[in-house]
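Welcome to a short set of exercises on pockets, cavities and a bound ligand. Have the viewer open, try each task, and then read the solution.

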Amino acid sequence: MKKKIIVANWKLNGSIALLNDVLKPIANFVNSHEIYSKLIIALPFVYLYPAYNIVMDTKVIIGAQNVDIHPYGAFTGEISANMLNDIHIKFVIIGHSERRLYHKENNQLIAEKFKIVKNSGLIPILCIGETEKDHSLFMAKKICREQIDEIIHLLGEKAFNNTIIAYEPVWAIGSGKTPSSNFIKEVCDFIKVYILNKQNINENSFFIQYGGSVNEKNIQEICNISSIDGVLVGSASLLLDCFLKILTIVSKEYQKSFLNC
Ligand code: PEP
């Protein structure tokens, strides 16, 4: 059975105090419980190395939230994939809707980021999904297809080998609204079939997550969606009690599917 993956995205939040008060207890929890999933916590750049040192002897993995398209050079303020590699960071979120919106990152730039991440031996966590307007026009699948196509166009038939896709409807992020389980299943099944038809890769070589207002109340239902290989949790991952509840439920639900296969 495919291992599930949980990604926590701290966004623009963090401090040394938060590493001690939230990250450390999470790492202790994960080390003393079997959660039947890989747990990746994506942090702002300045906390990556301190966080890596905190979790290095635990099962928690630290990831980045962004990367530049250049390997080095005169690009003040940017962080390269080589730098992430240098500090043992292997997973990078790219194409998050907040970067698409506030930093005007388009599909082409995101495909370039995907390329440098893969060429540097890192694993991209690619966020895709439709806006509220697209959703109201029933365009979720079309938007996801376009976001995927740009990457296949640049990287070819093995583009999605060993990668993670997070299906995150933009309207569900930070809004407290989530799509129905049927809708998540329909779109994630579509993404999987579309990629497998276009790519010369094995089904087990890429993972699909759902992200958007995942919390301790809806995680149980979301875990039951058979098409997803895990979840991406934003705001709820900063609240220790909530996140530990999420991990406890995930662990119970994924244990069931693990034992049933
Ligand atoms: C996210 O940051 O990608 C996200 C899904 O955030 P939230 O869980 O807060 O909606």
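**Exercise 1.** How many residues line the second largest pocket, and which of them lie nearest its centre?

*Solution.* Keep in mind that this is a predicted model.
- Start with the lining: 15 residues surround the second largest pocket, and Gly174, Ser213, Val214, Gly234 and Ser235 lie nearest its centre.
- Next, take the volume, which is about 180 Å³.
- Finally, sort the lining by class: five residues are nonpolar, eight are polar and two are charged.

**Exercise 2.** Find where the ligand sits, and describe its surroundings.

*Solution.*
- The ligand sits in the second largest pocket.
- Around the ligand there are 14 residues, and those that come nearest are Lys11, His96, Gly174, Ser213 and Ser235.
- By class, this shell holds four nonpolar, eight polar and two charged residues.

**Exercise 3.** Look for backbone atoms that approach the oxygen atoms of the ligand, then judge how much of the ligand is covered.

*Solution.*
- Begin at Gly174, where a backbone N or O atom lies 2.6 Å from a ligand oxygen.
- Move to Ser213: a polar backbone atom there is 2.8 Å from an oxygen atom of the ligand.
- Then go to Gly234, whose backbone N or O atom also lies 2.8 Å from a ligand oxygen.
- With a cut-off of 3.5 Å for a pair of N or O atoms, each of these pairs counts as a polar contact.
- As for cover, the ligand taken alone exposes 290 Å², and the protein buries 98% of that.

**Exercise 4.** Turn to the largest pocket and work out what forms its lining.

*Solution.*
- The space in the largest pocket comes to about 490 Å³.
- Its lining has 15 residues, with Lys11, Leu12, Gln65, Arg99 and His103 closest to the centre.
- Two elements, α2 (45-55) and α4, give two or more residues to this lining.
- The largest share, three residues, comes from α4.
- By class, the lining has six nonpolar, five polar and four charged residues.

**Exercise 5.** How many cavities of 30 Å³ or more does a search of the whole structure find?

*Solution.*
- The search finds one such cavity.
- The largest cavity has a volume of about 40 Å³.
- Its lining includes Gly95, Ser97, Arg100, Cys127, Gln147 and Glu168.
- Both α4 (97-102) and β5 (123-128) supply at least two residues of that lining.
- By class, the cavity lining has four nonpolar, four polar and two charged residues.

Key. Residues numbered from 1 in each chain as written. Predicted model: local features only at pLDDT ≥ 70, side-chain atom pairs only at ≥ 80, totals over all residues. Heavy atoms only, no water. Near = heavy atom within 4 Å. Polar contact = N/O pair within 3.5 Å; in protein donor to acceptor, adjacent residues only side chain to side chain. Areas by Shrake-Rupley, 256 points an atom, 1.4 Å probe, with all protein chains shown as cover. 1 Å grid on protein atoms, 1.4 Å probe; cavity = no way out; pocket = protein on both sides within 12 Å on 5 of 7 lines; lining within 4 Å. Sits in = over half its atoms within 2 Å of the grid points. Nonpolar A, V, L, I, M, F, W, Y, C, P; charged D, E, K, R; others polar. Points joined across faces, edges and corners; volume = space filled by probe spheres on them. Helix = DSSP H or I, 4+ residues; strand = E, 2+ residues; numbered from the N terminus.
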